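Have your viewer ready and keep the selection box at hand. We will walk through this model one stop at a time, with something to select at each.

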Amino acid sequence: MSQSEYTTAQATALTNHDRKPIHIPGSIQPHGILLALSNQLEILQVSNNTQVYLCKAPEDLLGQPLSYLLEPQPVEIVKQCLVKKVGSANIFKVLINTLYGEIYFDAIAHRTEEAVILELEPTDSEFEMSFLNFHSFASEAIAKMQRTSNLGEFLHLVAEEVQKIIGFDRVMVYQFDESEAGSVVAEVKREDLSPYLGLHYPATDIPAQARELYTRCFLRFLPDLTAEPVKLVPTENPTTHQHLDLSYCLLRSFDWCCTEYHQNMGVKALLVISIIQEQKLWGLISCHHQTPKYISYEVRKMCEFLGQIASSELAHKISHSEWDYKVKLKSLQSEFLESISQADNFIDALIKPEIRLLDLVSASGAAVCLDNEITLVGATPNIDEVRALIEWADTQVNDNLFSTDSLPKLYQEALVFKDTASGLLLLRISKIRRYYILWFRPEVIQTVHWAGNPQESMQAQADGSYILSPRKSFEQWQETVRLTSLPWKPCELDSAIALNNAIVGIVLSKADELAKINLELERSNQELASFAYAASHDLKEPLRGIYNFSTVLLEDYAQVLDDDGMECLQTVVSLSVRMETLINALLRLSQLGQAQLRLQATDLNELLNQVIDIFRASRQDSGLVDIRIPRPLPTVLCDRVLVNEVFSNLLGNAFKYNDKTEQWVEIGYISQEEGQGAGSRGAGEQGSRGAGEQGSRGEVAVVSPLPLCPSAPLPLSHAQCPIFYIRDNGIGIPQHHLETIFRLFKRLHSQEKYGGGAGAGLAIVKKIVELHNGKIWVKSTVGVGSIFYFTLE
């Protein structure tokens, strides 16, 4: 089978397999029993092995309330699942009296869309691992993981720790790649077993449906792959007339394909733990045993917890290994962008010294094309080959940034120069003029070691279609991969985009069509908003782990912690919530740095009415809200959503930082002419007239020593802009803080005073105003009040 035929057959087989509803098999594994309950906790379905464990036939249980089987306390625990989200489990020990005597069970209850599912696994006693034992194990494992900085050593350590707990013959760490195929990157095994370390496995071995289930349930346990599954009675839920969704069930039976696949490997027992990164399946900890082997529920929970710790630590190992490279690129990028922004000659700035243009994306060669002028740097195809490549890109590439690590597979003519350009990163600077930068990477011949021939996993049918069929052999099978380069990393693509943003200003003299986006690009270059976004986004992963693990300890181990321990954990949860608020504020500010304004003619009176209505609704318990608008506001060209955020923030602050018995806020505007003459007038003169004669939402005249005029001159470009103001009678702001209040996370008071907050509101307001080419400033007197002025050009 050729490579193209194999690719087509693989796609067909995966599509056919993914249609199989493996999450609703209608059966469970025989080492436990399952009950499906209605919302009233009436037994609707049971597994057909209740006689074995409970001495009760299925027909004796169907239609009965759960209290027929369990005591009131465990029934109440199951009932709590009704108010939890789908998939959230309640875990407890339960004692059931049977004709065989008293039997202890591990009970796991969770809710689906149509039922409450209770799984019962018999256990030897009421023993439950103590918090101290669990903590001792976890502390030792975590300490070892944190001491290891090398990614390979870390993954091997994870495999060792899991193998130490469960004693399986083989424990592997399996990593998925971008094509959903994967490879074994760490392995601990019995000495007499053949190694799988370094072997690759095709995507057909773990199809999409199975991968999706691994993202829902972080642990899958099959103690005996030779065991016969136990059917549910009745087969369909009598209420919904559908098969029961067993996605979150630990006892869910396994697909025949899974059984045959692992039996061909000589495996009789299987334990799989998910490794999750950024809510995606990064890989699996796959544990094999040559004979059936049962491990207790407590031990499995230890393994699941270890998998979650490994997922959290893995993020640090990966980011640590990539961080140095990212920092190097950022440093080079900043230096490079500064030099070309000051250069008179665009070509000279890019290629002198030439190594900087190549290092910017770790390329071995580059070509700079301005219309018919092409300049080559480093190892590249010749001028004519580059010119032909650009002709192809003009018709085949639509995006401004295009990358591939196998150019000859897309552009056959590239076979001639594969040694210098099997990889291509193309940056289109203009869609009207032929302005390009192309970076090249050479071919890197790779030998991929597969666990058996991957083509054997497809079986042809009489109608010409293909289905998945478990391979018989897992002996090492080599494939030589040609016509590919090292792949381009996301941070290298970001570096190319940043270069594009920087050179637009230089290219403007030759490309009039780029004039409209010049100002936006200058802003984005100043702030490096994309870098701030990536950094703050990466902070969320360990923070989420801190919150989740602290919550787990609060919920599941409250009975073994003293009051001081509970208080400490609750403090950790509160601080993690606080930190998430700060990170979200940073993300919001960085997003504004990349925002595209949606300008439209906006009636500010209509917009302000919406803001006030929402504000009043949110303060129904806070008494009368006195908001005054002396005269109708004008219609301006602006981004309606962002300006709404400006008014909401300033209005909210005006009332938030106000300790007066009678609080008021005035919203209005003055023209430039009014502003020039207002310096000798007090707000009492103009404000009183506005509030008394034309006020639409107030009745009391405003008397304040604050002059209603700008405290700083406006640039000439703002000469025709109205000056909007929001004035209050709040606590005021000390003079030495009038500039610093617009800084991110700048708070003048402790968290306990004036309702707390992240200290990001005014920074966001300033950013939005500046996006509109406007200016914002403040005049204030402590104990009297403040006036915030801003313009929108």
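The tour below starts with the whole chain and then moves from stop to stop.

**The whole chain**

Keep in mind from the start that this is a predicted model. Colour the protein chain by secondary structure, and you will be looking at 23 helices and 29 strands. The chain has 793 residues, and buried ones make up 49% of them. Now think about how the chain folds back on itself: of the contacts with a separation of 6 or more, 69% are between residues 24 or more positions apart.

**A helix pair**

Select residues 640-656, which form helix 20, and residues 761-771, which form helix 23. Turn the view until you can follow both axes: they come within 9 Å of each other and cross at roughly 145 degrees. The crossing of helix 20 and helix 23 is left-handed.

Which residues in helix 20 and helix 23 meet? Show side chains for these two sets:

- From helix 20: L642, V643, E645, V646, N649, L650 and N653.
- From helix 23: G761, L762, I764, V765, I768, V769 and L771.

Colour this contact by residue type, and helix 20 and helix 23 together give ten nonpolar residues, three polar and one charged.

**Just past helix 23**

Step along to N773, in the loop between helix 23 and strand 28 (776-781). Check the backbone angles here: phi of N773 is near 60 degrees, a positive value in a residue that is not glycine. N773 is partly exposed, with a relative accessible area of 33%.

**A second positive phi**

Go now to C55, in the loop that joins helix 2 (50-54) and helix 3 (58-61). C55 is not a glycine either, yet it has a positive phi of about 60 degrees. Is C55 buried or exposed? C55 has a relative accessible area of 14%, so it is buried.

**A cis peptide bond**

Select V233 and P234 and look at the peptide bond between them, which is cis, with omega near -10 degrees. P234 sits in the loop between strand 11 (230-233) and helix 8 (256-264).

**The cavity**

Next, look for enclosed space. Rolling a probe the size of a water molecule over the atoms shows where empty space is left. How many cavities of 30 Å³ or more does a search of the whole structure find? The search finds one, and the largest cavity has a volume of about 30 Å³. To see its walls, select C217, L219, R220, F221, C249 and L250. Five of these lining residues are nonpolar, none is polar and one is charged.

**Inside helix 9**

Select A310 in helix 9 (residues 297-341). A310 counts as buried because its relative accessibility is 2%. Beyond its neighbours within four places in sequence, A310 is in contact with M145, F154 and V158. Draw a distance from A310 to I285 as well: the two are 25 residues apart in sequence and 9.9 Å apart in space, C-alpha to C-alpha.

**Y104 on its strand**

Strand 5 (residues 101-111) holds Y104. With 22% relative accessibility, Y104 counts as partly exposed. Add D124 to the selection: it is 20 residues from Y104 along the chain, and their C-alpha atoms are separated by 6.7 Å.

**Two loops to finish**

Select T380, found in the loop between strand 15 (373-378) and helix 12 (383-396). Its relative accessible area is 17%, so T380 is buried. Leaving out residues up to four places away in sequence, T380 touches G365, A366, T420 and F440. A421 is 41 residues from T380 in sequence, and the C-alpha to C-alpha distance is 6.7 Å.

For the last stop, select P442 in the loop between strand 18 (435-441) and strand 19 (446-451). P442 counts as partly exposed, at 31% relative accessibility. Which residues is P442 in contact with, leaving aside its neighbours within four places in sequence? Display S364, K418, D419, T420, A421, S422, T484 and S485 to see these contacts of P442. One of them, S422, is 20 residues from P442 in sequence and 5.3 Å away, C-alpha to C-alpha. T420 also appears here, among the contacts of P442, and you met T420 a moment ago as a contact of T380.

Terms used:
Residues numbered from 1 in each chain as written. Predicted model: local features only at pLDDT ≥ 70, side-chain atom pairs only at ≥ 80, totals over all residues. Heavy atoms only, no water. 1 Å grid on protein atoms, 1.4 Å probe; cavity = no way out; pocket = protein on both sides within 12 Å on 5 of 7 lines; lining within 4 Å. Points joined across faces, edges and corners; volume = space filled by probe spheres on them. Nonpolar A, V, L, I, M, F, W, Y, C, P; charged D, E, K, R; others polar. Axes fitted to C-alpha atoms, helices over the stretch in contact; angles between N-to-C directions. Helix = DSSP H or I, 4+ residues; strand = E, 2+ residues; numbered from the N terminus. Left-handed = near helix turned anticlockwise from the far one by under 90°. Contact = heavy atoms within 4.5 Å. Buried < 20%, exposed > 50% of the residue type's maximum accessible area, 1.4 Å probe, protein only.
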